[in-house]
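Let's take a walk through this model together, moving from one element to the next and pausing where the pieces meet. Please keep the structure open as you read.

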Amino acid sequence: MSQDRSSSFSDCIEWLNNRSQEGDLSLTDFWGVVVCYIKGVQLEKRTLAKEGQRDKDGATPYPLYSAVERALLDKNAEEEPWFEVSTHQAGFTEPGAFVETALLKQPFQGGKVQMDSRRKPMDMVQLQGICGSAFGDSQINIKYIWGLIKNWFHEHWPVADHDHNPFYGPVFKLLDDFGDMERSYDDLQELKIELHDFCGSHIHSDALTTLVRKTWYKMTEVQKRKYITTILDELNQSLNPSLKMKLKATYSVSWWDASKLLMKALSLVYNWDFGEMPNILYKLRDRRVPLGMCEKDIMHVIDAGLYLNSPYPPLLGKKRDIDLIISFDFSEGDPFETVKKAHQYAERCKVPFPEINLDGTDDDCPKSLYIFEGRDKLTVIHIPLFNIDNCKGHSS
């Protein structure tokens, strides 16, 4: 179905460059583009808000997209991290704090929007980046995601040609040496030499220029990461339009944009920034909203599967008035993990949910379906993907 519809490398660079100019570029955006590339489809730039306006008669199923706020994910407190997005509204399911979807990426303060004309409504590329960022909370996956991004650049960009891309060596060495802070020093020194030879004083970083080995060795790993981030930020800030025009006669604009984005992406990796966007609850004072959810001006929205791998929470609120949930379980291990976690979530949020009685149930040989119900509560039909009916004769 997607044949002959894949996006070009220039399309991807243009989209990422536009996102960077909005001011809140994160690794989620890079991942959204990589997902499109892997699937071989065009960048889907439609916004959720426009989709809601188009389907006014309800002819298509109503989409509910789920995510979690990374900073709240590991908190064993009253804050609930579940974040839902529909074509009409987006926000925290508990305590029920929402804004119009078209305003999702706008900065908020005290419950009021502070309009920023640079920021455009979220499109489907960003959304699939968020919903597919299961590794957004794990340092273990740094090598994996950077392997994908690096291969993507290798396929579409002549990075191996040193004459046309002098940043190639040191920049990609920094990617490869991410976990080795000692080798990173040599990579930074090489980058300093290449920048001076190629661009003179046009692209510069005070932190990079003054960096000496003795000082580097005295730094802690945290300090080194912060120092590298400072260098990359200074280099990005020095990439001014006048230099771009100077190089345009020799090098393509797409090469320039790709180089700039790669430098920005490297900075994001050192901070592991996923799903960054303005916090809609920043400085909000409302007794229904825990203060811990209102302290930071930025939130990091990532794959909801890191918290609960089935989207029960959006359906449990009073506003949806659900009578029946048909649950298809795709968990790798315990086939009842999601329904048990949903029960715990409901208890914590004090919303009705049937008891999950699994007495006499064999986790290794589950039946084809289970019905959980209770008086004045919704009914849950739970269907394990692999069960004794569709996997006859096969052991777990």
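**A guided tour of helices, strands and cores**

Our starting point is helix α2, which is mostly covered, with 10 of its 13 residues buried. Bear in mind throughout that this is a predicted model. The buried residues of α2 are Leu27, Thr28, Asp29, Phe30, Trp31, Gly32, Val33, Val34, Val35 and Cys36. From its first C-alpha to its last, α2 reaches 18 Å, close to the 18 Å expected at 1.5 Å a residue. Just past the end of α2 comes Gly40, whose phi is positive, at about 70°.

Now let's turn to another helix, α15, which covers residues 337-349. At 1.5 Å a residue, its 13 residues should span 18 Å, and the end C-alpha atoms are indeed 18 Å apart. Which residues of α15 are buried? They are Thr338, Val339, Ala342, His343, Tyr345, Ala346 and Cys349. If you look down the axis of α15, these buried residues fall within an arc of 160°, so they line one face of the helix. The general background is that an α-helix has 3.6 residues a turn, so residues three or four places apart point the same way.

What does α15 pack against through its buried residues? The partners are β2 (82-85), α14 (313-316), β9 (324-329), β10 (370-372) and β11 (379-384). Immediately after α15, Lys350 has a positive phi of about 60°. Further on, the loop between α15 and β10 holds Asp364. Asp364 has a relative accessible area of 52%, and because the cut-off for exposed is over 50%, Asp364 counts as exposed. Its C-alpha atom lies 9.3 Å from that of Ile388, although 24 residues separate Asp364 and Ile388 along the chain.

Three of the partners of α15 deserve a closer look, namely β9, β10 and β11. They form an open sheet of three strands in the order β9-β11-β10, with mixed pairing. β9 and β10 stand at the edges with a single partner strand each, so one side of each has no neighbour in the sheet. From one strand to the next, the twist averages 20°. Strands β9 and β11 run parallel and are joined by six bridges. In this pairing, Ser327 has His382 in β11 as its bridge partner.

From the sheet we can step into the interior. The largest nonpolar core has 44 residues, and those that touch the most other members are Tyr312, Leu316, Phe353 and Val380. Two or more residues of this core come from each of α1 (9-22), α2 (27-39), α13 (253-271), α15 and β10. Leaving out residues up to four places away in sequence, what does Val380 touch? Its contacts are Tyr312, Ile325, Ser327, Val339, Phe353, Pro354, Tyr370, Ile371 and Phe372. Val339 we have already met as one of the buried residues of α15. Apart from this core lies another, of 24 residues, which include Val85, Ala97, Met122 and Met293.

Val85 leads us back to β2, a strand covered on both faces. Trp82 and Glu84 are buried on one side, and Phe83 and Val85 are buried on the other. In a regular strand, the side chains alternate between the two faces of the sheet. β2 pairs with strand β1 (residues 65-69) in the antiparallel sense over four bridges, and here Val68 is partnered with Trp82. β2 is also antiparallel to strand β3 (residues 89-92), to which three bridges join it. In that pairing, Val85 has Ala90 as its bridge partner, and a hairpin of three residues connects β2 to β3.

The run of strands carries on from there. Four bridges join β3 to strand β4 (residues 97-100), again antiparallel. Ala90 turns up once more, with Val99 in β4 as its bridge partner. Four residues lie between β3 and β4 in their hairpin, where Gly96 in the turn has a positive phi of about 85°.

One last stop is helix α11 (residues 221-237), where Thr229 is found. Is Thr229 buried or exposed? Its relative accessibility is 10%, so Thr229 counts as buried, the cut-off being under 20%. Setting aside neighbours within four places in sequence, Thr229 is in contact with Ser267, Tyr270 and Asn271.

Definitions and conventions
Residues numbered from 1 in each chain as written. Predicted model: local features only at pLDDT ≥ 70, side-chain atom pairs only at ≥ 80, totals over all residues. Heavy atoms only, no water. Expected span 1.5 Å × (residues − 1). Buried < 20%, exposed > 50% of the residue type's maximum accessible area, 1.4 Å probe, protein only. Arc of directions from axis to C-beta. Contact = heavy atoms within 4.5 Å. Pairing = 2+ DSSP bridges. Core = buried A, V, L, I, M, F, W, Y, C linked by side-chain atoms within 4.5 Å. Axes fitted to C-alpha atoms, helices over the stretch in contact; angles between N-to-C directions.
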